[in-house]
Amino acid sequence: METKKDIKSMCLAELEEELKAGGHKAFRAGQIFQWIHEKLADSFEEMSNLSKDLRRQLEGRYWLVTLKKEDVKISKIDGTRKYLFGLSDGNVIESVLMRYKHGNSVCISSQVGCGMGCRFCASTLDGLKRNLEPSEMLDQVYRIQKDTGERVSHVVVMGSGEPLDNYDNLLRFIRLISHEKGLNISQRNITVSTCGIVPGIQRLAEEGVSVTLALSLHAPDDQVRRTLMPVAYKYALKDILPACHTYFKRTGRRLTFEYSLVKGVNDNLKEAQALARLLKGQQGHVNLIPVNPIKERDYVQSDRKAVEEFKGCLEKNGITVTVRREMGRDINGACGQLRRSFIEEKR
Ligand code: SAH
């Protein structure tokens, strides 16, 4: 096991402390920070404005986490790329690059696997393996920016894992990726998606970060929600929605309510009306996602007509709605499926 310290997960103040303790000038920390987080260096060797001696010392003391590109699938339709990255302990994770008119967006994983158990999701089938370190979240973005040579302007924490179940590492990730001496990605361009961990939402509201929060709602009431998301037994909508409203009041950021449409489960008009009632007075919009079927479950995607009617009903009730555009249809497979097929092949 690695005993060196994970330098990519350190904030600038910690790096300064480390350097001072090693008898070096504090300003070296800023240089090293920029090599790691702005120039995206893969080795200490590259840090050419540091002395050979300092580079050697860093090499001996710290570990510069870099993910290994195991596989990448590139869509011929829209250039979407699905990456499979290897971690130092042999685990693999998925990340996705989507190209939009407004810029390049990377969807990252926050955990290896997931413990939340949502019934339609492939990421959670084998449970939670472990949390990702801040460095492992950052390097998904860094690898992809280096691999494409194109700037990443948006990050969505919507891959495998529940980000608010890995709270401290998530927060460090947000601060590092939006740091002015790093990639400097605006917090407004970072979206964190949660299945509704109430204490996490409340904490994030007071943290002084201004990321966009997306809530995975998927049903207008706790009964239906529990059939899709076991976490709904732990947190009820009567507590989740006020926490979301507090998040809006504290940060001024409007929320996104994600709603995956599953045929015959949550997609009829009565549910659309109930959803409109539920969201009255909330600041945000609904993002409808026709469910992406996985072979381990028999959930079916709502048909086009049902999606349009559901959307129309919400709009009639004054709610802003978007239907998620399918990206990379030819390389599709729901969240977590590339990782699953890789693991199954190895077995
Ligand atoms: N744990 C977080 C983030 C990861 S999931 C969360 O629950 O929000 C990102 C989004 O994709 C969530 O809204 C999730 O419910 C949805 N999702 C997962 N699998 C899906 C599938 N097969 N079809 C449609 N949406 C899915």
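These legends walk you through several close-up views of a predicted model.

**View 1. The ligand and the residues around it.**
Let's begin with the ligand, which has 17 residues around it. Which of them come nearest? They are Glu162, Ser193, Ser216, His218 and Asn292. The shell can also be sorted by class: seven of its residues are nonpolar, eight are polar and two are charged. Two strands to look for here are β10 (190-194) and β12 (255-261), each of which supplies at least two residues of this shell.

**View 2. Polar atoms that meet the ligand.**
Now look at single atoms. In the side chain of Ser193, an N or O atom is 2.6 Å from an oxygen atom of the ligand. Ser216 also has a polar side-chain atom 2.6 Å from a ligand oxygen atom. With Gly161 the backbone takes part: one of its N or O atoms lies 3.0 Å from a nitrogen atom of the ligand. How much of the ligand's accessible area does the protein cover? On its own the ligand has 540 Å² of accessible area, and the protein covers 94% of that.

**View 3. His218, a residue from the ligand shell with a positive phi.**
His218 appeared in the first view among the residues that come nearest to the ligand. You can find His218 in the loop between β11 (212-216) and α7 (222-228). Its phi is near 65°, a positive value in a residue other than glycine. Is His218 buried or exposed? His218 has a relative accessible area of 5%, so it counts as buried.

**View 4. Leu40, another loop residue with a positive phi.**
Leu40 sits in the loop between α2 (27-37) and α3 (52-61). Here phi is near 55°, again positive although the residue is not glycine. With a relative accessible area of 4%, Leu40 is buried.

**View 5. Helix α4 from start to end.**
Helix α4 covers residues 134-148, which makes 15 residues. From the first C-alpha to the last it reaches 22 Å, close to the 21 Å expected at 1.5 Å a residue. How many of the residues of α4 are buried? The count is 13 of 15, so the helix is mostly covered. Just after α4 comes Gly149, with a positive phi near 70°. As you trace the helix, keep a handy rule in mind: an α-helix has 3.6 residues a turn, so residues three or four places apart point the same way.

**View 6. Glu136 and its partner Arg130.**
Staying with helix α4, we zoom in on Glu136, which is one of its residues. The side chain of Glu136 makes a polar contact with the side chain of Arg130, at 2.9 Å. Why does Glu136 count as buried? Its relative accessibility is 5%, and buried means under 20%.

**View 7. Tyr83 and Phe85, a stacked aromatic pair.**
A search of the whole structure finds two aromatic pairs. Tyr83 and Phe85 form a stacked one, with 5.4 Å from centre to centre and 10° between the planes. Tyr83 is buried, at a relative accessible area of 0%. Phe85 is buried too, with a relative accessible area of 0%.

**View 8. Tyr259 and Phe310, a tilted aromatic pair.**
Here the rings of Tyr259 and Phe310 are 5.1 Å apart, centre to centre, with 40° between the planes, and the pair is described as tilted. Tyr259 belongs to strand β12 and Phe310 to helix α10 (residues 304-316), so the pair ties together parts that are 51 residues apart in sequence. Tyr259 is buried, with a relative accessible area of 1%, and Phe310 is buried at 0% relative accessibility.

**View 9. Leu125 and Glu296, two residues 171 apart along the chain.**
Leu125 lies in the loop between β7 (111-113) and β8 (128-131). What separates the C-alpha atoms of Leu125 and Glu296? The separation is 8.6 Å, although the residues are 171 apart along the chain. Leu125 counts as partly exposed, at 23% relative accessibility.

**View 10. Gln273 and Asn169, two residues 104 apart along the chain.**
Gln273 is part of helix α9 (residues 269-279). Its C-alpha atom and that of Asn169 are separated by 38 Å, and the two residues are 104 apart along the chain. Gln273 has a relative accessibility of 38%, so it counts as partly exposed.

Notes
Residues are numbered from 1 along each chain as its sequence is written. This is a predicted model: local features need pLDDT of at least 70, side-chain atom pairs count only at pLDDT 80 or more; totals for chains, interfaces and linings use all residues. Side-chain values use heavy atoms; hydrogens and water are left out. A residue is near a molecule or strand if one of its heavy atoms lies within 4 Å of it. A polar contact is a pair of N or O atoms within 3.5 Å; within protein, one must be able to donate a hydrogen and the other to accept it, and residues adjacent in sequence count only if both atoms are side-chain atoms. Accessible areas come from the Shrake-Rupley method with a 1.4 Å probe; for residues, only the protein chains shown count as cover. Helices (H or I, at least four residues) and strands (E, at least two) are DSSP runs, numbered from the N terminus. Ala, Val, Leu, Ile, Met, Phe, Trp, Tyr, Cys and Pro count as nonpolar, Asp, Glu, Lys and Arg as charged, and the others, Gly among them, as polar. The expected span of a helix is 1.5 Å times one less than its number of residues. Buried means under 20% relative accessible area, exposed over 50%, partly exposed in between (1.4 Å probe, protein chains only). Rings of Phe, Tyr and Trp (its six-membered ring) pair if their centres lie within 6.5 Å; planes under 30 degrees apart count as stacked, over 60 as edge-to-face and the rest as tilted.
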